[in-house]
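Visitor: I would like to learn how to read a protein structure, one feature at a time. Could you take me through this one slowly?

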Amino acid sequence: MLQKHTLALCTLALAGTTLAQDSQRYGRDKFRQLDQELPTPNTYRTASGAPGHQYWQQKADYDIQIELDDATQKITGSEVITYHNLSPDKLDYLWLQLDQNMRSKDSDSPKIRTGSLNDSLSVEQLSRMLDVFDGGYRITGVTDAGGKVLPYTINKTMMRIDLPRTLAAGETYSFKVQWWFPVQDRMKYGGRGGYEYFPDENNYLYTIAKFYPRMALYADYQGWQHKQFLGQGEFTLTFGDFKVAITVPADHIVGATGTLQNESAVLTTEQRKRSAQARTASQPVMIVTPQEALDNEKEGTSAKKTWVFSATNVRDFAFASSRKFIWDGVNQPVGGKNVLCMSFYPKEGNPLWEKYSTKVVAHTIKTYSKFTVDYPYPVAISVHTDQIGMEYPMICFNGGRPEADGTYSERTKYGMIGVIIHEVGHNFFPMIINSDERQWTWMDEGLNTFVQYLTEQEWDHNYPSRRGPPRNIVDYMKGDPKASPGEVKARIEPIMTNSESITQFGNNAYGKPATALNILRETVMGRELFDHAFKTYCERWKLKHPTPADLFRTMEDASAVDLDWFWRGWFYTTDHVDIAITDVRYMRLNPADPLAREKVAKAGRDAQVADLSNERNRNAITETVVMRDPSTLDFYNSYDPLTATPRMQEAYDRLMARLTPEEKALLGKEYNFYELSLENLGGLVMPVILEWQYTDGTTEVERIPAELWKTSDQVTKVFIKEREVASVVLDPFLETADTDLDNNAWPARLAPTRFDLFKQRDWNRPNPMQMERKVGEMKGQ
Ligand SMILES: [Zn+2]
């Protein structure tokens, strides 16, 4: 009998894995390896995701001199670029990026900008539509090291310099470029660099980037990266060493990529003393105090000062300059080295900026170094200017401004801390781990947003992180891949979409990849395997140029988890997660002991609902044939098929005599069998997480790997429980971004959505700090 039952169980379990023809195709699609999508490995990039034994990358060193004219908001510069051809290839020409040309009159950016008319139009919008700003580089000279003119061709945002003779592998070439360009009013025309103007005091705050012609990247995986700059896709650049001399009005304070080389020429003795203090301080130290900044911003000067910076092995250089800057700094040790973390901000940033900025910079450097690689640079800087968040090596420009009365909303506070973590975090992705932003926005934004989430949660358990928690991406994941261009908000695209073609930039390139990595860490791989593999990717590609394949391959290579299904579903498709419990069958084994079996069977029969006609007939028909004529009775009128017979009992006794004590114990248990029917409605395969609630009040969580779906999007699975189940819930901790929770429970559960009744919304409500102040004032009266 035991054997018989075992056989019955096998049949039951096998039924769940029966292959239908179309489900075979399903399995091939969802779990097919990414061989066709990923590039063929070679000696530069291995199949394990690591740099190959012949990996190479170019180097470009810069010696730049520029002057910022505060009266006309113009930058004039000259640079000597020394280009090292470390590739095995011969080069006949060099490509440079002229990103400023995106602001020139004949730029493609406004031409390809789509738009529609609404009921109202702001002056700023009209200015942008009319495109009145005449920006872009004016190239005034391109010569070789000896001053001989070099032929060059400008194709919009790219410039080709034709070399007098082929640059062979291993050779170096130096040349000089001279230029000027007008800096744009960033508050009016937007952009990732520019100036903020303070009309009340006639002062400017400059955050300057892409201010010099920059060497385009020449790499093994694509040759020159010279896709035009259209305004959305950022960039990737060659690593190199920089020496930059920046001439500004004498009352300006300058923060820049790299270390200041001539403190004695630009700072007072007192400021230099404070700067030295900051280098070892555990709490931020003022280097330029609020009072000194106030004095600086009162009146202009015609005198000039030149600030000299040097930076090693960076892919870009940016700086900020203003007479309004307050400047503080603190030391953050990382991997046995000290990092000077600093902030530059105008008084308008306080009280938020002096309270938080530098501490957030230090916390970010420390936390990112733990999850990725040790921060390799000597300084990390956060600069405040309104309504921005933009990153460069060692320096970034961040918004987050309190009200004029010094109060701020919770949103402003966490927005400011969040943007600083994010932009300082960009040092790691893509400044150190130098992925190609113009091609793949998600490789820096997504990875950075993921570590930003980890860093926010280490700042405060209650940090209101926007991106990372799976439930926050659900609305986007419900999007329609076929939504028309007019319904951009409803459209979802694969993460593997070129940066210029993404419609929902934030959700596609930041939110979805960050959430995917969080799910990979918490739900698919587990923290230990994930953290090791992610760190391995970062260590392998620090100060190098990784591609998506290098990340996908390394995460598998370092963890022994086949993730092709995960990359395919989350990164190459627009599928979403919606797993449903469509049916539950509950079965129990009959007891082996014939007497017990009889009891159960009879109880079952007694519990059956009586047939209605039969019930009525018992009263209506007072005498049936068998009642009237006993000769119509035989054996079967008294036989009960449910009654145990002596022969059954003998057979049972013989069986029991043959069983081992373990087999007897097994037979004695009262198992509950549950057959769950599950359906993958969203298409994105995911592990199945079940929370069983038992009738005795206890619960149990069971995690089933995504490979459950390897053959079909409709599966049944049998669960054997010693306790009786009251209910079962799918994804109880909301960790998979399941878009429909109504089909996640058995028995079905409906969660009500609450809504408010209101008379009239008050949009101009004071922030909670202002309300608190008002209460205080009223009490004081
Ligand atoms: Zn970013």
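**Reading the sheet, the metal site and the salt bridges**

Guide: Let us begin with a pair of strands: strand β25 (residues 672–680) and β28 run antiparallel and are joined by eight bridges. Strands (E, at least two residues) and helices (H or I, at least four) are DSSP runs, numbered from the N terminus, and two strands pair if DSSP finds at least two bridges between them. Within this pair, N672 stands opposite K721 in β28.

Guide: Before we go on, please note that this is a predicted model, in which local features need pLDDT of at least 70 and side-chain atom pairs count only at pLDDT 80 or more, while totals for chains, interfaces and linings use all residues. Residues are numbered from 1 along each chain as its sequence is written, and side-chain values use heavy atoms, with hydrogens and water left out.

Visitor: In what order do the strands of this open sheet lie?

Guide: The order of the three strands is β24-β25-β28, with antiparallel pairing. The edge strands, each of which pairs on one side only, are β24 (579–588) and β28. Neighbouring strands are turned by 20° against each other on average, direction ignored, where the axes are lines fitted to C-alpha atoms (for helices over the stretch in contact) and angles run from 0 to 180 degrees between N-to-C directions.

Visitor: Which residues coordinate the zinc ion?

Guide: Donors are N, O and S atoms within 2.8 Å of the metal (3.2 Å for Na, K and Ca), and since water is not among the atoms, sites may look incomplete. Here the zinc ion is coordinated by H422 (NE2), H426 (NE2) and E445, the last listed with OE twice, at 1.9 to 2.6 Å. The donor residues follow the spacing H-x3-H-x18-E in sequence. Distant parts of the chain are linked in this way, with H422 in helix α10 (residues 410–425) and E445 in helix α12 (residues 441–459), 23 residues apart.

Visitor: What is the geometry of the site of the zinc ion?

Guide: Four donors count as tetrahedral if all angles lie between 85 and 135 degrees; four count as square planar and six as octahedral if opposite donors are over 155 degrees apart and all others between 65 and 115; anything else is irregular. The angles among the four donor atoms of the zinc ion run from 55 to 153°, and the site is irregular.

Visitor: Are H422 and E445 buried or exposed?

Guide: Buried means under 20% relative accessible area, exposed over 50%, and partly exposed in between (1.4 Å probe, protein chains only). Both H422 and E445 are buried.

Visitor: How many salt bridges does the structure hold?

Guide: A salt bridge is a side-chain nitrogen of Lys or Arg within 4 Å of a carboxyl oxygen of Asp or Glu, and the structure holds 45 of them. One of them joins the side chains of E292 and R274 (2.8 Å, N to O). This pair links helix α8 (residues 290–298), which holds E292, to helix α7 (residues 269–278), which holds R274, 18 residues apart, and both E292 and R274 are buried.

Visitor: Which residue does E702 meet in a salt bridge?

Guide: The side chain of E702 meets that of K721 (2.7 Å, N to O). Because E702 lies in strand β27 (residues 699–704) and K721 in strand β28 (residues 714–721), the pair ties together parts that are 19 residues apart in sequence. E702 is partly exposed, at 21% relative accessible area, whereas K721 counts as buried, at 6%.
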